[in-house]
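These are my notebook entries on one protein chain. I set out to look up its salt bridges, its strand pairing, its disulfide content and its internal spaces.

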Amino acid sequence: MVIRRLSAALSAIASLVVLPRHAEPPTHGTVLVERFFAPSLGVTKHYLVYVPPSYPTEPQRRYPVAYYLHGLSGSESDWESLAGIDVIADSLLARGMAEMILVMPDGDDGWYTNWVTPRTYEECASGAGRNRAPPTFCVKTPRYDDYIAGDVVRHIDSTYRTMADRRHRGIAGLSMGGYGAVVLALGHPDLFAAAASHSGVLSPLLKGPHPFAMPAQYLTSIDSLEAAWGGVWPSVAPAFGTTIASWEARDPTHRVRSLKANGDSIPALFFDVGTEDGLADQSRAFHAELTSMGIAHRYAEWPGKHDWNYWHAHVGESMRWLADRIRP
């Protein structure tokens, strides 16, 4: 009888105890603003990194990485502040997209290539650069290919819990950054499994016809290149050089042909462009060249211009596509 009463009393006490509820898992990723010294540029550069919701709560877990490059006259904050890439990532994750780390580095107006005609820090600071404070824009050695594919990738892999191999690394960008994403992936197929471009400068030597029709025609003289590029020429010439050979070495179609001829692996490619975009013919030409070479890729055109309304509307397309290709 005593034991039975004691058991009943303990049961009554237990019914009054409120056990702590398990904490709800986070539903939003975190955007961090960081900086590091980039040896290839000789200066300290800033970057933004989005870590997915589970990152702080699963310390043993590693994640694939997608790099997002900004456009001409842009900065590392553009994808977050103007396109809401973090909000879009959270929304896609809630709908089942695989988690990954997003990295947004500062590429200045460097065209993501090692410059043929380097400009010194002093030349940039004295007025050769645009209206930005020299420490945020000028570099000592403009080797932007080495910076992204070398400095940034190594820093991210050594700082964050990444899956540090080609299979789990992708790259994307818009406009100048769309060019950078594709040309960097084609130049470093051992580093990047996939590349995506929104409104990219994907056929920088394209002559015509306009509107685009096969066969594509390409410029063959520096004078014609300078005329075609107009007011952008002063910013692109130091990076690409003043010979057709140096431009061809930086041309996505030429890089694909080289990889194909050597039997090398070609990263998965995705690119889109707005139907009202002045660069639409460049994407169409690249699409036609890849098709003629039998290179599998995904290409899309949607209504829109060369602006943030378009990129905000479609960055989710590249993010889902990249996530599917670099997920564990």
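The entries below are grouped by topic.

**Entry 1. Status of the model**

I note at the outset that this is a predicted model.

**Entry 2. Salt bridges**

I looked up the salt bridges and found that the structure holds 13. I then went through several of them individually.

I began with Asp106 and Lys45, whose side chains meet in a salt bridge at 3.0 Å, N to O. The pair links distant parts of the chain, since the two residues are 61 residues apart. I placed Asp106 in the loop between β4 (101-105) and α4 (121-128), and Lys45 in strand β2 (residues 43-51). Are these two partners buried or exposed? Asp106 has a relative accessible area of 3% and is therefore buried, the limit for that class being under 20%. Lys45 is likewise buried, with a value of 2%.

I next looked up Arg143 and Asp146, whose side chains form a salt bridge with an N to O distance of 2.8 Å. Arg143 has a relative accessibility of 34% and counts as partly exposed. Asp146 is also partly exposed, with a relative accessible area of 27%.

The third pair I recorded is Arg327 with Asp324, a salt bridge in which the closest N and O atoms are 3.9 Å apart. I note that this distance is within the 4 Å cut-off for a salt bridge. Arg327 is partly exposed at 35%, and Asp324 falls in the partly exposed class at 48%. I also checked for shared partners: salt bridges of this kind join Lys45, Asp106 and Asp108 into one network.

**Entry 3. Strand β9 and its neighbours**

I asked how many of the residues of strand β9 are buried. The count is six of the seven in residues 268-274, so the strand is largely enclosed by the rest of the structure.

I then looked up the pairing of β9. Strand β6 (residues 194-198) pairs with β9 in the parallel sense, over five bridges. Within this pairing I found Phe270 of β9 as the bridge partner of Ala196. Strand β10 (residues 298-302) also runs parallel to β9, and five bridges join the two. Here Gly274 stands opposite Trp302 in β10.

I followed the chain from β9 to β10 and found that it crosses through helix α12 (residues 280-292). This β-α-β crossover is right-handed.

**Entry 4. Loop between α12 and β10**

I located Ala296 in the loop between α12 and β10. Its relative accessibility is 67%, and Ala296 is therefore classed as exposed, the limit being over 50%. I looked up one distance from this residue: the C-alpha atoms of Ala296 and Ile266 are separated by 9.4 Å, with the two residues 30 apart along the chain.

**Entry 5. Disulfide**

My search for disulfides returned one. Which residues form the disulfide? The partners are Cys124 and Cys138, with their sulfur atoms 2.0 Å apart. I recorded -75 degrees about the S-S bond, a left-handed link. Cys124 lies in helix α4 and Cys138 in the loop between α5 (134-137) and α6 (144-159), so the disulfide ties together parts that are 14 residues apart in sequence. I checked the accessibility of both partners: Cys124 is buried at 5%, and Cys138 is buried at 1%.

**Entry 6. Cavity and pocket**

I turned to the empty space in the model. Searching the whole structure, I found one cavity of 30 Å³ or more. The largest cavity holds about 50 Å³ of space. I listed its lining as Trp115, Arg119, Cys124, Phe137, Cys138, Val139, Pro142 and Tyr144. Both disulfide partners from the previous entry, Cys124 and Cys138, are therefore in that lining, as is Phe137.

I then looked up the largest pocket, which contains about 340 Å³ of space. I counted 17 residues in its lining, of which Val201, Ala228, Trp229, Leu279 and Gln282 are the closest to its centre. Helices α8 (222-229) and α12 each supply at least two residues of the lining. I note that α12 is also the helix of the crossover from β9 to β10.

Note on methods
Residues numbered from 1 in each chain as written. Predicted model: local features only at pLDDT ≥ 70, side-chain atom pairs only at ≥ 80, totals over all residues. Heavy atoms only, no water. Helix = DSSP H or I, 4+ residues; strand = E, 2+ residues; numbered from the N terminus. Buried < 20%, exposed > 50% of the residue type's maximum accessible area, 1.4 Å probe, protein only. Pairing = 2+ DSSP bridges. Right-handed = clockwise from strand over helix to strand, strands pointing away. Disulfide = S-S within 2.5 Å. 1 Å grid on protein atoms, 1.4 Å probe; cavity = no way out; pocket = protein on both sides within 12 Å on 5 of 7 lines; lining within 4 Å. Points joined across faces, edges and corners; volume = space filled by probe spheres on them.
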